[in-house]
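Please open the structure in your viewer and keep the sequence panel beside it, since each stop on this tour begins with something to select.

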Amino acid sequence: MLKKITLFSMLVLFLATMSGAAFAAGKIAYVEVGRVLQESPQVKAVKEKIRKEFSKRDDQLVSEQKKLKKLREKLQRDASIMSEAEVKRLERDIIARSRKLKNTQSEFQEDLALRQNEELGKLRKVIAEVIVKVAKKGGYDLVLESGVIWANDKVNITKQVLKELKKKN
């Protein structure tokens with residue numbers, strides 16, 4: 001039994017030493033992808049493109065919200081001087097417009113999220129290509145993007161990736 005434990009311990013020690021040596025031989029870097037997504041000119045261009053694409057619908061939603069608010073204010077202000085039929089008609093109109101607005105807002109949000117995800121998916125591919133280019137150029141064996149608790153600034157290639165992305169813009 002003692003012989004098995006000793007043999008197992010030696011095996012674990014050998015594997016730890018080997019993997020440590022292999023790990024030390026490689027050149028490692030990391031990229032702050034969140035920072036790249038915030039600072040790259042491509043992301044800013046995508047945000048502007050989507051803003052322009054959805055601005056007309058957004059303006060229409062804001063306009064409908066204002067109309068609905070005015071109708072509610074009118075009902076609150078004039079209900080006492082309106083006939084019962086007029087009050088009921090206005091209440092039904094407000095309810096119908098509220099439902100329609102809620103559905104339109106929901107549709108808008110879904111379309112916006114879908115479009116953003118589509119554009120960010122394309123952009124992530126471009127960013128990945130640039131990271132690989134920088135890694136190959138720098139002779140790195142491994143590039144990490146998350147899960148790094150601490151690393152020396154010498155292995156942070158985020159600035160180089162941003163520089164390459166700016167060249168692509």
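Select Arg35 first, and then show the residues around it: setting aside residues up to four places away in sequence, Arg35 touches Thr158, Lys159 and Leu162. What you have open is a predicted model, so please read each contact on this tour as a feature of that model. Arg35 sits in helix H2, and with a relative accessible area of 24% it is partly exposed, because buried would require a value under 20%. If you draw a distance from Arg35 to Leu162, C-alpha to C-alpha, you should find 9.1 Å, although the two are 127 residues apart in sequence.

Stay in the same helix and select Val33, which belongs to helix H2, residues 33-39. Is Val33 buried or exposed? At 13% relative accessibility, Val33 counts as buried, because this value falls under the 20% limit. Now add Ser146 to the selection: Val33 and Ser146 lie 113 residues apart in sequence, yet their C-alpha atoms are 7.9 Å apart in space.

Next, select the pair of helices H3, residues 41-78, and H4, residues 84-138, and turn the view until you can follow both axes. Two packed helices are described by the angle between their axes and the distance between the axes. Here the axes of H3 and H4 come within 10 Å and cross at roughly 170 degrees, which makes H3 roughly antiparallel to H4. If you colour the contact of H3 with H4 by residue class, you will find 15 nonpolar, six polar and 15 charged residues.

Two residues of H4 are worth selecting one after the other, and Ile94, found in helix H4, can be the one to begin with. Ile94 has a relative accessible area of 7% and is buried. Which residues is Ile94 in contact with, leaving aside its neighbours within four places in sequence? They are Leu68, Leu71, Arg72 and Leu75. You can also draw the distance from Ile94 to Lys69, which comes to 9.1 Å between C-alpha atoms for residues 25 apart in sequence.

Move along to Glu119, which also has its place in helix H4. Glu119 counts as buried, with a relative accessibility of 6%. Leaving aside neighbours within four places in sequence, the contacts of Glu119 are with Val46, Lys49 and Ile50.

Now colour the whole protein chain by pLDDT, for which the mean is 86, with 85% of the residues reaching 70 or more. Among the elements of the chain, helix H4 has the highest mean pLDDT, 96, whereas helix H1, residues 2-25, has the lowest, 45. Select residues 2-18 in particular: over this stretch the pLDDT is below 50, and beyond near neighbours in sequence the stretch has zero contacts in the model. Where pLDDT is low, the predicted coordinates should not be read in detail.

Finally, clear the selection and look at the protein chain as a whole, which has five helices and two strands. Following the chain from the N terminus, you will pass its elements in the order α-β-α-α-α-β-α. Buried residues make up 25% of the 169 residues, and if you show the surface, the chain exposes about 12900 Å², of which carbon and sulfur atoms supply 58%. Among contacts between residues at least 6 apart in sequence, 83% join residues at least 24 apart, and the touch of Arg35 on Leu162, where the tour began, joins residues 127 apart in sequence.

Definitions and conventions:
Residues are numbered from 1 along each chain as its sequence is written. This is a predicted model: local features need pLDDT of at least 70, side-chain atom pairs count only at pLDDT 80 or more; totals for chains, interfaces and linings use all residues. Side-chain values use heavy atoms; hydrogens and water are left out. Helices (H or I, at least four residues) and strands (E, at least two) are DSSP runs, numbered from the N terminus. Buried means under 20% relative accessible area, exposed over 50%, partly exposed in between (1.4 Å probe, protein chains only). Contact means heavy atoms within 4.5 Å. Accessible areas come from the Shrake-Rupley method with a 1.4 Å probe; for residues, only the protein chains shown count as cover. Axes are lines fitted to C-alpha atoms, for helices over the stretch in contact, and angles run from 0 to 180 degrees between N-to-C directions. Angles under 35 degrees count as roughly parallel, over 145 as roughly antiparallel, 65 to 115 as roughly perpendicular and the rest as oblique. Ala, Val, Leu, Ile, Met, Phe, Trp, Tyr, Cys and Pro count as nonpolar, Asp, Glu, Lys and Arg as charged, and the others, Gly among them, as polar. pLDDT is the predictor's confidence in each residue, from 0 to 100.
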